[in-house]
Amino acid sequence: MPKKTAVKSAASKAETVTIHDQKLQRGAGGELHQIAEGDTPILTTSQGGPVSDDQNTLRVGARGPALIDDFHFREKIFHFDHERIPERVVHARGYGAHGFFETYDSLAAYTRADLFQRPGEKTPVFVRFSTVAGNKGSADLARDVRGFAVKFYTQEGNWDLVGNNIPVFFIQDPIKFPDVVHAAKQEPDRAFPQAQTAHDNFWDFISLTPESMHMIMWIMSDRTIPRSFRFMEGFGVHTFRFVNAKDQSTFVKFHWKPKLGLQSVAWNEAVKINGADPDFHRRDLWQSIQSGNFPEWELCVQLFDQDFADSFDFDILDPTKIIPEEVLPVQPIGRLVLDRMPDNFFAETEQVAFMTQNVPPGIDFSNDPLLQGRNFSYLDTQLKRLGGPNFTHLPINAPKCPFHNFQQDGHMAMRNPVGRTNYQPNSRNEGPRESPLKGYRHFPAEEQGPKIRLRPESFADHYSQARQFYISQTPPEQRHIAMALTFELSKVEAVVIRERMVAHLMNIDETLATTVAQKLGFQSMPKPADAAMPTRQDLEPSPALSIAERGPQRFEGRKLGILITDGVDAKLLKGLSAAITKANAVFELIAPKVGGVTASDGSFIEAHHMIDGGPSVLFDAVAILSSTAAIDDLVKEATARDFVADAFQHCKYIGYDPSALPLMEKAGIADALDEGVLALPGEEGLSAFVTELGKLRVWGREPSVKLGKASPPIKG
Ligand code: HDE
């Protein structure tokens, strides 16, 4: 290789070249430079110094060692090296959006919180959805609890309602939080599995923690594999207090209800989505907001007084319990609309600092021990994550109402007081003052008792509500719980842990316990786990706990995947897309090759995906619109066969035109066609077809494609 040592200036070697309309200069080593011209701003260092060459470090000779004089290189790399801040210990993977909350009616009778005083009042909000266990780069469809954290920028300070999509939690005391999180995350020696609870550590901890059984029923249900953030409920979990202007308190539990209804995916589908599009939930939120389909939730409350609390079956301070909606109705008090994506993910979604202790006057805490523990933890964690006490100076965390105090200095201080007076009382009459009337007043609850480490006896029933949740599910949902438990426990190596778990299930539902035991290959059933309190059999099922019971019965907000080929019936395709759009749903076209297809009328139809990149798991329902001429080629594509077979086994609706029947045959479903596999009607019937899609899934199909025949029962 020739060694060139001649030293010339870059400019003297530069040659102008044009590549795809881009005018660039080529340097001596063949590298391309974009040079500022006309009004283009000049690249500078962070100190404002103009940069002449951003492609080559400063060296002794063209092939010599680098020089420490190169302050531009050093600054650039220094900044890059420090781009990351610690990811959240839990809820590391998240996605956020801006929007507003609109109050329906005045709640002045219950709370003096400013945002609830005036009907129609709009309060800006920022919402961050998250998974819990996975690291920042983990996939969206992990089986996991979802965070649902809302920051309301009220006129009297920020209110953070930091909730989850599940209304109960694993533990009753915050001192166990590090343990449950350590156990759930990847095992410390091997650093896997990532974003999964299907491993020994998690189930070891859980099987030794009966208080988590209610939560286990929820996380093994379809709630933990939501179709999208838009179709999830949210819960404040703890009991809070509303406090009115007369300092009277009402207990309150918060619920978020998605306007488009609840929806989840199937487990086998979730696994495949994670491969096909690990950003499935992010993309869904991004696409719907960017296209003007703003997701919406209603904020609902359950309000109750001390008498209700005293007479209710369980302790209202216990975060492993709910108050069923059938016992105490949820009342809508306002709506949340998300209508704007952040301009910058890091600045907003990553740096947003939620804290349960951010409450405005009129909202107060109960003695739920978990809530009290959280009130310590969230401030503490922000200091570590955001690097200093001034994280409220970041725009995403700053209040949007006037604020004044004497706090000063610290790392990265951006709000710096002016003048001489930085304390009060002061005799100069300068600076802000307290307001006993407007300021936050804690509810003066009377407290007494010995200083003690003791769990209340009223927290001791760990199985009754777990059972109530299970018996409130439809048979397909119960099947999913059994399948999820089987899958998770099948990944546990220690047999004793599996047995301990099945022993707990015996206290919840014997059929569930037996089904799981059969699938795990048990030869005999273990004895039920020792219970502090026997499981109550008298709690009525609560239909509100089932997703399937409350299906939306409409396809609005959902996505149809239409597989098309050359020769597709142009009129049918046009009619189907119009019917989908009319139902406020969307569709995407999938074609055998990149680009698109030529339709029956000779027009070219652009496709959104090539079949390999658009598997049916990405859609709520599918339609196959092929042509007699193209079907032979299509059936040869393994991905096309998977498209149909997966849609079928995930219990989706499948619409097809007659030319697609050979594909059904090759996909192995031609003999199993049921009420969810529909020959597409003529144009006039298409809107009825789309109405049918509103049923979302044909769960009745599942036993024929999934669990197979029941194994013979195990003797106890
Ligand atoms: Fe959290 N939790 N948590 N948590 N949590 C955090 O705060 C904690 C709990 C929840 O999008 C951390 O900023 C303790 C229940 C959400 O930024 C940390 C306990 C519920 C988010 C923390 C709990 C939640 C967090 C980690 C038991 C549902 C994400 C990073 C006493 C009501 C917020 C951070 C976001 C985040 C502590 C239990 C919801 C470490 C100690 C129950 C949605 O402070």
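Helix H10 spans residues 369-386, and Tyr378 is one of the residues within this helix. In this predicted model, Tyr378 also serves the ligand: its OH atom is the single donor that the protein offers to the iron atom, at a distance of 1.8 Å. A reader who wishes to find the iron atom can therefore begin at helix H10 and look for Tyr378, since donors are counted within 2.8 Å of the metal.

Helix H10 also helps to place a feature of the backbone further along the chain. The loop between H10 and helix H11 (464-471) holds Pro425, and the peptide bond that leads into Pro425 from Gln424 is cis, with omega near 5 degrees. A second cis peptide bond joins Phe192 to Pro193, here with omega near 0 degrees. Pro193 belongs to the loop between helix H3 (177-184) and helix H4 (200-207). The loop between H3 and H4 contains Ala191 as well. Ala191 is a residue other than glycine with a positive phi, near 60 degrees.

Turning to the wider layout, the protein is divided into two parts: domain 1, made of residues 83-194 + 227-393, and domain 2, made of residues 557-703. Taken over C-alpha atoms, the centres of domain 1 and domain 2 are 37 Å apart. How many residues of each domain are in contact with the other? Domain 1 contributes 19 residues and domain 2 contributes 17. Between domain 1 and domain 2 an area of about 1300 Å² is buried, and carbon and sulfur atoms give 45% of this area. On the side of domain 1, the residues that lose the most area to domain 2 are Gln263, Glu269 and Lys272, which together account for 34% of what that side buries.

The interface of domain 1 and domain 2 can also be described by its polar pairs. Across this interface there are 12 residue pairs in polar contact, with both residues at pLDDT 80 or more, and 4 salt bridges are found. A salt bridge links Glu269 with Lys652, where the closest N and O atoms are 2.7 Å apart. Which elements give two or more residues to the side of domain 1 that touches domain 2? They are helix H6 (267-276) and helix H7 (280-290). Of the elements on that side, H6 gives the most, with 5 residues.

The strands complete the picture. An open sheet is formed by 6 strands in the order E18-E15-E14-E19-E20-E21, with parallel pairing. Strand E18 (609-610) and strand E21 (677-679) stand at the edges of this sheet; each has a single partner strand, so one side of each is left without a neighbour in the sheet. The partner of E18 is strand E15 (residues 586-591): the two run parallel and are joined by 2 bridges. Within this pair, Ala591 stands opposite Met610 in E18.

Another open sheet has 3 strands in the order E1-E2-E3, and its pairing is antiparallel. Here strand E1 (15-19) and strand E3 (32-33) are at the edges, and because each has a single partner strand, one side of each has no neighbour in the sheet. Strand E2 (residues 22-26) runs antiparallel to E3, and 2 bridges join them. Arg26 stands opposite Leu32 in E3. In general, the strands of a sheet pair through backbone hydrogen bonds, in either a parallel or an antiparallel manner.

Technical notes: Residues are numbered from 1 along each chain as its sequence is written. This is a predicted model: local features need pLDDT of at least 70, side-chain atom pairs count only at pLDDT 80 or more; totals for chains, interfaces and linings use all residues. Side-chain values use heavy atoms; hydrogens and water are left out. Two strands pair if DSSP finds at least two bridges between them. Helices (H or I, at least four residues) and strands (E, at least two) are DSSP runs, numbered from the N terminus. Donors are N, O and S atoms within 2.8 Å of the metal (3.2 Å for Na, K and Ca); water is not among the atoms, so sites may look incomplete. Domain bounds come from an automatic or database domain assignment. Contact means heavy atoms within 4.5 Å. Buried area is the accessible area (1.4 Å probe) that two parts lose on being put together, summed over both. A salt bridge is a side-chain nitrogen of Lys or Arg within 4 Å of a carboxyl oxygen of Asp or Glu. A polar contact is a pair of N or O atoms within 3.5 Å; within protein, one must be able to donate a hydrogen and the other to accept it, and residues adjacent in sequence count only if both atoms are side-chain atoms.
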